[in-house]
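This report describes the fold of a single protein chain. It deals with confidence, the sheet, a central strand pairing, an enclosed helix and the nonpolar cores.

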Amino acid sequence: MFDTPQKRRGRGAQSNRSGRFESTQRVDIDDGWQVMTGPVSAPSEDKGRTRLDPGDGALLPGSAEAPATLRTQWRVDTARRVITRNQSPDVHFDQSINPYRGCEHGCAYCFARPSHTYLGHSAGLDFERLLYAKLDAANLLRTELANPRYQCKPIALGVNTDAYQPLERELGITRQLLEVLLESRHPVYLISKSSLIERDLDLLVQMAERNLVTVSISMTTLDNTLSHRLEPRAAAPHRRLRTMRTLAGAGVPVRASVSPIIPALNEHEMDAILEASAQSGATGANAIVLRLPHELAQLFPEWLEACYPLKKTRVLKAIRSLRAGKLNTSDFASRFSGEGPRADIIRQRFEAACRRYGLKSGSEVFTTDVSQFRAPALPENEIGHGQQMPLF
């Protein structure tokens, strides 16, 4: 069956192109032989999530699929450690944890999509429906924090993919991680676009009382139609603002992440988003200009063609004006902000709006206390790396 607009309902990607590491490239092409007559109804997609055991087959990247296979599937990610470290000079944290690989929110712009190709999957539809979960993440974190050589630095939770995506409601991995971090008095940065974060308000309040947590809520747009097309399985804009109010009302520090700013699409909403966020209790904000690394340089234009065909040329031209004529640049100095006159205007507007609505910006919104850290207790009969074995 060839791709139709109805088939992509509830998904951000419009194709399942093979990843850049595959030796063969598979692309669905309509050669005109299949002719649809009469009205075509969109197939109902099962929103349940099926666990795949080791050895179960997965869809080939880029292959044509039947509608029944569009449901979300997940496997166990057998990681040996859970803390990831980076040395990027433009990132405000050195450590992060991602409980999940892939993300069911299906955001068309997600910079994490290309990471799925390392697993032999597509950055397109596979990223949204073939997920991996680190079921043992809490125990792995406990072991790493108990290592005598561990140095406490804030951990960013859910940076690559959302730690509160729909699968978290079923598995609860993120909550288990927060329980370990609270026990250890370890600071954490959270970022999400899901209202599920309210489930863990009891833990977040305790951490906030000890200056151990900040929460960023992604605010891409206030337009429900654009949000539904751009982030098909994420919370609606008004629901995210309500989450801000809930967290702020409980004393949890909240900021708005106005990301990504897509020139000529949601760029004009930046001031309104910051105003609504400030009114909802946010005390800080940051902004990142759209990035289109690797496969996203094909996937995002496909999304524009499907959802905003009349704006496609203008949006892509505006993106190139921020990226020295390209769709993406990886330079640390400009990859988050872009460069050129338009990028300068976006930055100036953002800073002016933050001042107008009393929002902090930059690294000052990420102040937490690392002095309270204490190594967590290891599970009974478990010996962590660097721990002495008992004599008796």
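The text below goes from the whole chain to its individual elements.

**Overall picture**

The model is predicted. The chain holds 11 helices and 12 strands, and 51% of its 392 residues count as buried. Among contacts with a separation of 6 or more, 80% are between residues 24 or more positions apart. The chain exposes about 18200 Å², and carbon and sulfur atoms supply 51% of that area.

**Confidence**

Mean pLDDT over the chain is 86, with 82% of the residues at 70 or more. Residues 1-7 stay under 50 in pLDDT, and the model has 16 contacts for them beyond four places in sequence. Residues 57-68 also have pLDDT below 50, and this stretch makes 36 contacts in the model beyond near neighbours in sequence.

**The sheet**

An open sheet is formed by 8 strands, with mixed pairing, in the order β3-β4-β7-β8-β9-β10-β11-β12. Its edge strands are β3 (84-85) and β12 (360-361), each of which pairs on one side only.

Within this order, β9 lies between β8 and β10. The two pairings of β9 are set out here.

| Pair | Sense | Bridges |
|---|---|---|
| β8 (residues 188-192) and β9 | parallel | 5 bridges |
| β9 and β10 (residues 254-261) | parallel | 4 bridges |

On the β8 side, Tyr189 has Thr214 of β9 as its bridge partner, and Ile191 is matched in the same manner with Ser216 of β9. On the β10 side, Ile217 stands opposite Ala256.

How buried is β9? All 6 of the 6 residues of β9 (residues 213-218) are buried, so the strand is largely enclosed by the rest of the structure. Cover is present on both faces: Val213, Val215 and Ile217 are buried on one side, and Thr214, Ser216 and Ser218 are buried on the other. The chain reaches β9 from β8 through helix α5 (residues 201-209), and this β-α-β crossover is right-handed.

**An enclosed helix**

Helix α2 (residues 137-145) has 8 of its 9 residues buried, so this helix too is largely enclosed by the rest of the structure. The buried residues of α2 are Ala137, Ala138, Leu140, Leu141, Arg142, Thr143, Glu144 and Leu145. The list thus includes Arg142 and Glu144 as well as several leucines. Which elements cover them? The cover of the buried residues of α2 includes strands β3, β4 (95-97) and β7 (155-157), together with helix α4.

**Nonpolar cores**

The largest nonpolar core has 61 residues, and those with the most contacts inside it are Leu141, Leu178, Leu190, Val213 and Leu274. Helix α4 (residues 173-183) gives the most to this core, with 6 residues. Two members of the list of residues with the most contacts belong to elements described above: Leu141 is one of the buried residues of α2, and Val213 is one of the buried residues of β9.

What does Leu178 touch beyond its neighbours within four places in sequence? Its contacts there are Leu157, Tyr164, Val188, Leu190, Asp200, Leu203, Leu204 and Met207. A second, separate core has 26 residues, including Tyr109, Ile262, Phe300 and Leu327.

Terms used: Residues numbered from 1 in each chain as written. Predicted model: local features only at pLDDT ≥ 70, side-chain atom pairs only at ≥ 80, totals over all residues. Heavy atoms only, no water. Buried < 20%, exposed > 50% of the residue type's maximum accessible area, 1.4 Å probe, protein only. Contact = heavy atoms within 4.5 Å. Areas by Shrake-Rupley, 256 points an atom, 1.4 Å probe, with all protein chains shown as cover. Pairing = 2+ DSSP bridges. Right-handed = clockwise from strand over helix to strand, strands pointing away. pLDDT = per-residue confidence, 0-100. Core = buried A, V, L, I, M, F, W, Y, C linked by side-chain atoms within 4.5 Å.
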